[in-house]
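Me: I should like to go through this structure by question and answer. Please reason briefly and finish each reply on the item requested.

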Amino acid sequence: MRIALERQRDNLPGFANVLDNKLAEIALRFQVPDYRVRAICLLQRKLKSSPAYWQRRDQLNRQLASKFYAVLEAIVNAMDDTHRRRSLADYFCSHFL
């Protein structure tokens, strides 16, 4: 297994690119502007207890209207999935390579 992972280490995906591609797919699937999808993604970095979070969230909610919650859910799922994959790859690389 170690040898197989060593041979593949250069092929591990760039996780920033993976998330970027997922965000682009979300924009296409929901037919919303790419920059709004990325704005919702960036919103997830803010503290949910901050007024800035809720102001920006309300603004994006108004802009996307009925699509907001579905887009938000898709983005959170994409971010979680990407994080899990990165953690798994980091684990294998640090323990087996």
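Me: Leaving aside neighbours within four places in sequence, with which residues is valine 37 in contact?

Reply: This is a predicted model, in which local features need pLDDT of at least 70, side-chain atom pairs count only at pLDDT 80 or more, and totals for chains, interfaces and linings use all residues. Residues are numbered from 1 along each chain as its sequence is written, and side-chain values use heavy atoms, with hydrogens and water left out. Contact means heavy atoms within 4.5 Å. With neighbours within four places set aside, the partners of valine 37 are Leu23, Ile26, Ala27, Val32, Val71 and Ile75.

Me: Which element gives the largest share of the largest nonpolar core?

Reply: A nonpolar core is a set of buried Ala, Val, Leu, Ile, Met, Phe, Trp, Tyr and Cys residues joined through side-chain atoms within 4.5 Å; buried means under 20% relative accessible area, exposed over 50% and partly exposed in between, with a 1.4 Å probe and protein chains only. The largest such core has 20 residues, and Val37 is among those with the most contacts inside it. Two or more residues each come from helices H2 (15–30), H3 (34–43), H4 (51–64) and H5 (68–96), where helices (H or I, at least four residues) and strands (E, at least two) are DSSP runs numbered from the N terminus. The largest share, 6 residues, comes from H5.

Me: How far apart are the end C-alpha atoms of H4?

Reply: The expected span of a helix is 1.5 Å times one less than its number of residues. For the 14 residues of H4 this gives 20 Å, which agrees with the separation of its end C-alpha atoms, 20 Å.

Me: Within what arc do the buried residues of H4 fall?

Reply: The buried residues of H4 are Tyr53, Arg57, Leu60 and Leu64. They line one face of the helix, because seen down its axis they fall within an arc, taken from the directions from the helix axis to the C-beta atoms, of 70°.

Me: Which side chain of opposite charge is nearest to arginine 57?

Reply: Arginine 57 lies in helix H4 and, neighbours within four places aside, is in contact with Leu43, Phe68, Tyr69 and Leu72. Lys and Arg count as positive and Asp and Glu as negative, with His and the chain ends not counted; a salt bridge requires a side-chain nitrogen of Lys or Arg within 4 Å of a carboxyl oxygen of Asp or Glu. Arginine 57 is buried yet has no salt bridge, and the nearest side chain of opposite charge, 5.5 Å away, is aspartate 58.
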